[in-house]
Structures are given as C-alpha cells and as structure tokens.
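Me: Could you take a close look at one part of this structure with me? I'd like to go through the salt bridges slowly, since I'm new to this.

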Amino acid sequence: MAEPLRVDLLGGVEVSTPGRSRTSPRALSLLAYLVSHPGIPQPRAHLAALLWPDSQGQQARTNLRRELHHLRTLVGDSPCLEADGSALCWRRGPDCVVDVHDFLDASAATTTALADGDRASVHRNSGRALDLYRGPFLPGCDDDWSLSVREDLRRTCVDLCDHVASYWLSCDDPVAATTFARRRVVLEPWEEQGYLTLMQAQRAAGDRSGAMRTYHRCASVLESELGVEPSPQLRAELTAVLSDLAPTPGDAEIEPAGPPSSSVVSGLVGRESERTRLLSGWGRARSGCRLVVVLGEAGVGKTRLVAEMASAVRRQGGLVVSTRCFAASRGVPLAPVADWLHSPPLKMATMRLDPVWRAEVSRLVPDGDGGAGPGSGARAKVDAWQRSRFFEGLVRAFLAVDQPVLLTVDDLQWCDRATMAWLTLLVSAHGSAPLYVVATAREEEVAAHDPDGWLDGMRSAGHAEVLRLGNLSTASAALLAETTLGREVDEEELALLMSTTSGNPLFLLEVLRGSGATPGPVVPADVRGVLDHRLSRLSEPAHEVVTLAACVGRDFTLDLLIEASDLGEDVVVRQVDDLWRRRILEERGRGYDFAHDLLREAAYRMISPPRRWLLHRRLAQALQLVWPDRLDEVAAQLADQYDRGGQLERALPFYERAARRSTSLFAHGEAVRFWQRCLGLLRERAASSERDRRELDVLQELLPPLNAHRGYASIELERYERRAEVLGERLGRTDVRCTAAIALFATTFVQGHTAESHAWGRQALTLSAQCPELTAQAHLALAGSGLGLGRLPLADEHFRLACDLAGSSDSMPIGTRTEVHARAWWAHARWLLGDVAGARAASDEAVRAARGIDHPYSLTVALSYAALTHQLLGDLRARPDLLTELTHLCAHYDFAYYRQWAMVLTGWAEGGPAGLLQVRGGIDALGHEGSLARMPYWLSLLADLHHDRGDVAAQIGALDAAASLAAEHEDVWWLPEVLRARAALDPTGGPHPHLDEAAALARSHSSTTLLERCRADLELRGRA
C-alpha cells in the first residue's frame, strides 16, 4: 500500500509525497486554504481574488491555473483534491493526513472526554493535540485569510490548555497540569491567566522555586512588553507561595508580594533616534541578513536599548531569539549559537531539515537520535575541513525558519572565535536570508578581546554596521532623574549628577537609587561605592546567595544555587525573590542573572579569597549533581570552577572533556586553550613517569587542533612536537617518536628548514621499521625533503615506495591521504628528471584518487600540486578550471596555506598589474605565516611578471632574493632555474658565472629538464 500524502501546516510547511516534489509558495498557500476549509467547494473566481488581490480578474485566474498545475504535480493523483471548471475542493480521506485536521479532531475528542470525565481519553487526546500543534499555521504568510485561520487555531490550542490544566488540577494531578499551563504561557506570553495556572500547578506539586520563577517571568514580561505590573490575584498567589516557605531566622513577617523596585523608569529615555534606526533595520530584514553591533561603555544602556527594540518586534508579531556571552565562559565554543538553537522556533526549524543537515546540528545540540560528533584527537586535523559543512548545517537551521527572525546577543566582546567565524558565514554567505542580528559590546573591551580585528573586518566587507551609544544629554538625564525621583531636579542637583556620572544611565540610576532612599537633595557618590553600599545593606542570607551567584560567573538556575548553598531550599528561594525585587537579579532565560555585570563584579569583590575557593568548589560539585547527563556541555564551566577553587586535580579531566568537545565542534582555538591549561596543571605535579605519560597524552591531542588553528609553520606547533618526541624517547614509545618525526618533517619543511626536515625524515624512516603502519609516511617525508635538497634520484625512489606502501586510509599528521600527497608531489620530481609524461600521469592520478575518496583537503593538496605541475609543464594558463576549483575549495574550507599557493599561481597565470598584485599578496602572506618552503620558486614567478612588464630592476631584485633564500634554507631544487634566469639578464655575451653554476647544480641534482635549459642558454652564448 502506498504511503499517504502528508500535509503539515502547523509550525512550518511541508508536504511529504513519494517524489518529494518542490513547488511554489503560492501553490502551498492555495493548498493551505483548501485544506483549512475541507469539504467546501471554493469558486475559482473567489480563490483568484483571494490569493492575487492586486491582479486583474483575467490575470488572477491565469495565476490560479498555473498554481493549480503546480499543486497537482505536488499531490499527484490524490482524490482529496477535486477540481472542475468552476470550483476547487479538498475532501478529507484516508489517503491524505493533514496535521490541522488531526489537531482539530484531537481537540474535539478532548472536549468530549472532559465532558464525560474520561480520564484516559483526556490524557490520550490532549497529549496528541499538544504534540500536533507545533506552531502557528502557515508561518511566513501574512494574507488576511491565513491570519484569521492562524488565530482560530491558536485560540483553540489556548482554550484546550486552559480546560485540560484546570481538569488535571481538579484531579489532583498538578504535574500533568503543569505541561498544559507551560504551553499556555508560550502561546499567550502577555496574558496572566497562563502564569497564574502554572503557579498554582507548581505550588500544588511542591515546586515553590518554580512557582516563584514563573511569577518573576510574568512580571518581567508585563513590565517590558506592556509597561504594567502583575495583578493583585497573581501577587496574592506569590504571597501564598512564599508563605509556604520555612521562615528565615531574622525575617520579618511576610508581606503581600509586590512588584520589583519601581525606581527604574519604565520607558527608554534619550534613545529615540537609536531605537528608530534599529527598527528601521528590522523593517529591511526580509530583504537580507544584517549584523548591527551596538557599542558603548559599561552601563550606557546597550542591553536596554536592544530589549526595547526586541519588545517592539514581538508586538509586531516577529520572532525574537536572545542570548548573551559571559566572560567566565568565553572559551565555550558556539555557546550563543547553541542557546539560539534551543529556542522553540529554531528547534522546529531544525526538525524540518534533511537528516544529513540535522545530523550536523546535533553535533552542537544533540537531538536524542545519537548524532555522532566528528572525531577528536589524532584525527582532528584530518577532519578539520568538515567545519565548513558543520557551519553550513547550523546556518540551514536558521534559514529554515519560515519568517524573519531577530537574533540578539549581549556582550559580544566575550564571544568565542568559533561563534564569530560562524556569524561571518551567516551574514556574508547568506546575505538574502531574512535574519537580523543585533549584538551589544563594551567598546573598551572589544579591542582587547578581538585581537584579529573581526568586527573591523566585517565592517570593511560591508557585512556589519556599528551603532555607537553615548552617555545621556543633560536634558535626558534630567528627565530620567525626575521620573525616578518623582520630583523636579534643580539645576544645581542636575549639574552635580552630570559631574558625578557623566550622564551614564546606569551610574545615574544607582546614584538616584541611593539618594531616593532618603528625602532631600541628590547626594554625590562614587558609583563603585554606591554599588558596594547597596549590596552591603543586604541581609546575611541574601548576602550569601548573591555572593554564591557572583561566583557562577554567568546566568544560573535556582536548582544550581540551591544545590551549592548550605542554606535550605526555602531560604534560597526567599532570598532570590528579595534580590529580584531589589533589581539586583533578574529573570533571564531558564534561570536568573545579575541585572548588570557591574553588580556581579561588585558582589565578587565582596568575597574574601578563601571563601571564593569554598564557593567555587561548591558550585563545581553542584554542577555535577544538577547536570549529570550533560557533563560534556558544562565541562568548561566545571573545569573553571574547580580551577578557581584550587582543586586542580579535579579540574584537569574536565579541561580535557572541554577540549575534546571543542575539537568535535571544530573550535580549534578553544580546544588549544583548554589543552594548554591541562599542560599547565600537569607541570605543577612532581616529575614522574606518570606525569610524562599524561603530558604525552595531552600533547598528542593538542597537536592536531593546534595545527588546524595555527598552521604548519607555527613555532608553537614545532615546540610541542619536539616535546612529544622527547617524551616519546623517554618513555620508550617508538610509535610516538616516529609520528613526531614525521610531524616535525612537515613543520620544519614548511618553515624552510630543508636540511633539518630531511634529518627528521631519515629518523622517521629508521623508526618506522618498528612501526610498519607509518612506513609510507616516512618515505614521503624523506622524498619531499630530498627533493627540496636537490637529491632527485633519492626523492624519486622514496616517492615510489610511499605510493606503493600507502594504504587507502593512510593519512599524514597534516591531514592528507599519504598516497594522494606522495603522488602529487612525485610529479614535480618526475618533471625535473625529464619524464614529462610521468609527471603528467602522476599529477592526474593524484587528482583522480583524491576525487575518489571524497576528501576535500586531499583534493585541495592534489590540485595545488597539480597547478604547480602544469606551471612547470608550461600549460597552466590553459587550465583556468583547475585554478578556479582550487581557489573555491580554499575559500570554502578556509585552507590558508594552499590559498596562498592558489593566489600566486592564479596571479602568475592571469598576469598584468592585477596578477602582479595577487602574486605579491600570496608571497607576503606565506612570509607572514613563516611558510618559506618553495619561496625561491614563488619569487621566480614574481620575476616572470616583472619581466612581462619590462621592469628589469624589479626582476633582478626578485631573482637575487630567490637565490639568497635558496642558499640560506638549502631549498635548492629550483635554484638552477633562478640562476639561469639571472644570467639571462646580463646584457653581455660570453661566459657567465651564474649560468655555469646553474648547469653544475642541475647536473649534481640529476635535474635533466633544468640542465637542458642551461645547455640551451650556453649554446646561445657560444659555449656548447
């Protein structure tokens, strides 16, 4: 029996057919209208006017016929779609499943079950209805008819939640009631009824902390979105919740619950132009993805401005997903992206992705299907190129949302590098996506935490704009003061305020808050002193809670505070409520956070060093208890807490877990930082063989991400490779020594230390006698360095052995497949030896092999060597396809080293002024990275372009530099050609020492091709 047609219109639009056909958005709108009015024939004239209101009658009917054709293609021969000359109709039937119909059926069945008191049926049907209502009907469509249907269905789900939650409460099942009350809050976040029901259910279930947080969430939403306070009924419910708590010694009798301190003005003062500018950007979000960064000093109101803008977007019906970065978790890779993906709209969008892309998203946000992350450790470099695919999967999740989305991120200055790299891809590669990213950052911190100039680069590329937020003007400061104090402020007071605070809104409010506590004029005060004084007035239990919260270093849940505190649960809940009312803490996301980082810093300053140690230890232990199934996700936080608590042995395994998770997410910079901290902790141990073993284990996992992060020529990489070799010898690990020798060959060769790289190649070959699985790699190391030294017969033999011995999965430490790399490089040796056909065959075979294994990094290497081979053969200019593909791969996968190869070779092939600039850029970049291998060859290509321009002086300069570098680094394989070209620039005839030296070198190298060139020039000079 054929699978039924499935039409999903709630939370997204998807039509599942055997052929998985795609169709136009208007055809989907037509389908949605028909299935939302089942059994009712819809006149064609009515449908044409409804769907194309701006078109003339005849054109609208033509459009309808076209979309009907597309719709028939989509649904096939399903009998559910009936069409005649006058009307269209959708008939419900067993061969088609529509989520809207199933939701309405389940809702109706629930209503019947409620009336009958059928508990089992209520449970079954209400749960099914809730599962089916995955989101709004036909998201992304703003036609009047769709808005009406959307509202009707949403209201049906809201009513269902109300009735079922009340039913379960009456049945004394508050846990079941909580599920429906929570969903009600999500559906109607601005209505108190859902919050009230949820609080009642939580209180009945004994979850007093949850009930309190629900109240705080409601109060925050009502204040920020509507500018009103919770109703007396809701406040009475919180009072009842607090009354259930055990009293705290010294607490006064419980007073009726009220709103938080009203000393903060509810409106945004002095920021109308900035708010208008941000909203204008949101209005353009449908036409393309943009990034705006709001810059300003601490306390200037960046977060408040973005929050006001987000509230306006929500009131317009837009989607808003928010997150923030924290100084304490700066190294946690992609934490802001993970936060965004945990939001309901992004979860729903991820579910609609093809499985292959959903698996990429599950690397970061596991979906429970066992999506495996990429390998770590020794395979990290091999898999580093997969980061592009991973990032693409994350981007696709955001693009799958069916309507414009506002993404906000606070404190971007503490963002990790991986998130910045991903944001670059999102904004630059998907500029047409309906996404608007608004970030805040402390201007004074950006330079310190953005050493690579990411923000400046994004601005220069036109992918980001900056909105600078300054302090308030005197007039705005006066308005803020008068609104906060409830009275006018005279000129003297205002002048005093401005001189004390410079118009910084947070500083103003803190000074005003201190002055407002007592009658009389404004009293000047140091802002830091005001914050310290404000916290010092807290009760002892509140002081304990606020200092514990400060040690977390980021947002936190009540469960974490309760677990880490030695106060009882009821005491912690009561103190958090008090801190919330004082606007020291605020409800945020799934927990709480300080209202401002300056308050967190002030609270942390209050803690003595010994007590900090104690609190950090408690928090580390609590994190393990609260998140036992998510230790990898909180590993970085656990390591930091144990580290700050002085428990270094406990910190070490969590730094290791954090490093492996970072590697699995291709966040190589963060992985390196965690592994380096592991090394630092190990160095504090007493010397022993066990310490050496642990250090070696760490080094073996550190080297691949460091290679991916810093590149082959990194001095830091070389230092760690040498240390691994020393430890391998000390511990008798021949396999480690051999692998380190191969790695050091690659590093020293790329750095331009050709003779040393050859020595490492010889050592690797000697050691590989005990490690046969590394023999092919050792032969490649000896061959490649031998070629650089001009020992062509030796290189030729070892290239052949490397190709013969390499297995299909044999990989170099640098990440390439050994056979591909060896054969591609061998082509250069064959050409130098005079075997043109063999060179061409080896190059072509390397490219074919790389394509056959579907390994982009190996393909990039094969194409890079092939481009150089074709330059040697003299036909590179006839192969623009090769250079184009190479350039694309390097850009797509961010292969920096070979990107410079592509720049130089492409510039040489194109020639002219632009080509000259490109060659220079590539050579400069290689030099900047310390990648001096083949530099004489690259400089000779630069000399060729100077020759084409007739710039003899520049040509001589390039060739002389090439000859000097070749001699200095013993990179002499191309030196005969450099000397021959230099001799050709001497206008005098007859003998020339450069030409004689070139011929002698070529002869000693057995370089048949270069020797023939020298002989030809000698003949021209009359010396056969």
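Reply: Sure! One term before we start: a residue counts as buried when its relative accessible area is under 20%, as exposed when that area is over 50%, and as partly exposed in between. Keep in mind that this is a predicted model.

Let's zoom in on Arg982 and Asp960, whose side chains meet in a salt bridge with 2.8 Å from N to O. Arg982 sits in helix α47 (residues 975-984) and Asp960 in helix α46 (residues 952-969), so their pairing ties together parts that are 22 residues apart in sequence. With a relative accessibility of 19%, Arg982 falls under the 20% cut-off, so Arg982 counts as buried. Asp960, at 35%, is partly exposed.

Now for another pair. Arg723 forms a salt bridge with Glu695, and their closest N and O atoms are 2.8 Å apart. Here too the pair links two helices: Arg723 belongs to α34 (residues 715-730) and Glu695 to α33 (residues 689-710), so parts 28 residues apart in sequence get tied together. This time the Arg is the partly exposed one, at 26%, while Glu695 is buried at 8%.

Arg155 and Glu188 make a salt bridge as well, with 3.3 Å between the closest N and O atoms. Arg155 lies in helix α6 (residues 144-170), but Glu188 is in the loop between α7 (174-187) and α8 (192-204), so this pair ties together parts 33 residues apart in sequence. Arg155 is partly exposed at 27%, and Glu188 is buried at 11%.

Stepping back, the count comes to 78 salt bridges.

Methods:
Residues are numbered from 1 along each chain as its sequence is written. This is a predicted model: local features need pLDDT of at least 70, side-chain atom pairs count only at pLDDT 80 or more; totals for chains, interfaces and linings use all residues. Side-chain values use heavy atoms; hydrogens and water are left out. A salt bridge is a side-chain nitrogen of Lys or Arg within 4 Å of a carboxyl oxygen of Asp or Glu. Helices (H or I, at least four residues) and strands (E, at least two) are DSSP runs, numbered from the N terminus. Buried means under 20% relative accessible area, exposed over 50%, partly exposed in between (1.4 Å probe, protein chains only).
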